[in-house]
Amino acid sequence: MIPTKRLHVITWGCQMNVYDSGRMADVLAPLGYGPTSEPDGADMVILNTCHIRDKASEKVFSELGRLRLLKEASGNRMVLAVAGCVAQAEGAEILARAPYVDIVLGPQTYHRLPEMVARAARAGNKVIETDFPPEDKFDHLPDSATPQGVTAFLTIQEGCDKFCSFCVVPYTRGAEQSRSAAAILREAAHLVGQGAREITLLGQNVNAWHGEAPDGSIWGLGRLLRELADVPDLLRLRYATSHPRDMTDDLIGAHRDIPALMPFLHLPVQSGSDRILAAMNRKHTADDFRRIVDRLRDARPGLALSSDFIVGHPGETEADFEATMTLVRDIGFAMAYSFKYSSRPGTPAAGAPGQVSEAGKDQRLQALQALLRDQQTAFNAGCTGLDLPVLFTGPGRHPGQIAGRSPFLQPVHLSGNASLIGTEAMVRIVANHPNSLAGTLVQERRSA
Ligand code: SAH
Ligand code: SF4
Ligand code: F3S
């Protein structure tokens, strides 16, 4: 279908929001909406929001203020929708403070977008859909219309039942829900048909996935990965984000048995202090995490890790913070994300005693980030001189260059022919930068 209307989607937050934005574009395609890279002149703009940390709603209202001007310039014809986790958490508030918004929708309702657009089209109608609907949105979505490219995301699990003290996700995304294995295998084959060679399975707690198998039994993530590894032309698999508590024996075994499962795992630990881990309701200790990492590294020698950290959770002392630094030194991360604790309304930690001062959080974050940065630099430097299999994902920055991805998710740049895009080959790494590697082609290895 040739698009007759222009859709611009602004995406904030996690990879699941990136996936959701793509799927919202897919459901709107049959209505004649095609993507446009600028909000200016768009017939519809969707702001897909994130509620995870500080100032989430202020950021939304300031962006909406900017979009309001564009909407007015369009003679108010532009349809303005707010989606994602801020929409879920503050739906009514958004319409009250920004009455020029037409549609507010939570992450569980975007399959109903066409009907919402029709309702909003009746002059003056405001649409708000933030209930958790009884039907499964995935059963009501068309196949993705726009290819994601050589690397693709596939959401297999949503929601969270873990209720960490600091986190809004269980409230914005609801209870844990797993898609069926058949639906996932079908979507994976569809993505590969569109050119995907690497698929990252997504979920707020992706390793809590336990979906219905074709024979009616229940599979865990390890089993699902084994099945996906057999999808023809699918060269690489990853999954994110995991919780240490759900690293089962079978899943660790999958890292030993499945060559396509990349030797790089994002496994958030948040803190290295048992006191703080307990206060966070993580239900594991720092040593539990060390043991899981040991078992993973036994299963897959050379496996590299990334993680998430929060500094300044209520009650965190200098000694607790030092325990986090010790854990980081013990494990050695290839990369990591670290954040200052941010109080989220409605979460248990928000009202907890022992809130840490902003200055204290700043200091700890700086120290932690310096250590993590050194580890990342050392990890990248250790790649120089190695031959790594690289999946080529697209053209490079300069003519004659292509870009790709190492097994450890590092961007790799090299001279090469665009015909290599979508294939994997050995690359000798010749230089390392803070966030990427440079290499030269060794030989073609595997192609789809
Ligand atoms: N489900 C994933 C993470 C989801 S949120 C998990 O359990 O690990 C992504 C990251 O944001 C978290 O790992 C945490 O480090 C950070 N985060 C979540 N809530 C936060 C808060 N209130 N303040 C600071 N960082 C937070
Ligand atoms: Fe949030 Fe914890 Fe659930 Fe992760 S496991 S989404 S941090 S509540
Ligand atoms: Fe943000 Fe919602 Fe993802 S709060 S991190 S967009 S699940």
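## A walk through the three ligand sites

Let's begin at ligand 2, where the shell of residues splits into seven nonpolar, two polar and two charged. Bear in mind as you look around that this is a predicted model. Who makes up that shell? Cysteines turn up in it as Cys160, Cys164 and Cys167, and Phe163 and Phe166 are there too, along with Val169 and Pro170. Asn205 and His243 also sit around ligand 2, as do Lys162 and Arg282. Those last two, Lys162 and Arg282, are the charged pair of the shell.

Next, hop over to ligand 3. Its surroundings include Cys14, Cys50 and Cys85, plus a run of neighbours in the chain: Thr49, Cys50, His51 and Ile52. Asn17, Arg173 and Gln204 complete the set. Sorted by class, this shell holds four nonpolar residues, four polar ones and one charged.

Gln204 is worth remembering, since it shows up again at ligand 1. There, 15 residues gather round, and the ones that come nearest are Arg53, Gln204, Gln270, Asp308 and Ser342. Which atoms of ligand 1 do these residues approach? Arginine 53 has a polar side-chain atom 2.9 Å from an oxygen of ligand 1. Aspartate 308 also uses a polar side-chain atom, lying 2.6 Å from an oxygen of the ligand. With glutamine 204 the backbone does the job: one of its N or O atoms lies 2.6 Å from a nitrogen atom of ligand 1. On its own, ligand 1 has 540 Å² of accessible area, and the protein covers 89% of that. Two elements each give two or more residues to this shell, namely β15 (304-311) and β16 (335-340). As for the mix around ligand 1, count six nonpolar, four polar and five charged residues.

Now for some empty space. The structure has one cavity of 30 Å³ or more, and its volume is about 30 Å³. Asp20, Met24 and Asn48 help to line this cavity, and so do Ala83 and Gly84. The rest of the lining comes from Leu105, Gly106, Pro107 and Tyr110. That makes five nonpolar residues, three polar and one charged.

Finally, step back and take in the whole chain. Its secondary structure amounts to 12 helices and 21 strands. The C-alpha atoms fit a box of roughly 60 × 60 × 50 Å along the principal axes. How does the radius of gyration square with a compact globule? For 448 residues such a globule would have a value near 22 Å, and the chain's 23 Å agrees with that.

How values were computed. Residues numbered from 1 in each chain as written. Chains lettered and ligands numbered in written order. Predicted model: local features only at pLDDT ≥ 70, side-chain atom pairs only at ≥ 80, totals over all residues. Heavy atoms only, no water. Near = heavy atom within 4 Å. 1 Å grid on protein atoms, 1.4 Å probe; cavity = no way out; pocket = protein on both sides within 12 Å on 5 of 7 lines; lining within 4 Å. Points joined across faces, edges and corners; volume = space filled by probe spheres on them. Polar contact = N/O pair within 3.5 Å; in protein donor to acceptor, adjacent residues only side chain to side chain. Areas by Shrake-Rupley, 256 points an atom, 1.4 Å probe, with all protein chains shown as cover. Helix = DSSP H or I, 4+ residues; strand = E, 2+ residues; numbered from the N terminus. Rg over C-alpha atoms; globule rule 2.2 N^0.38 Å.
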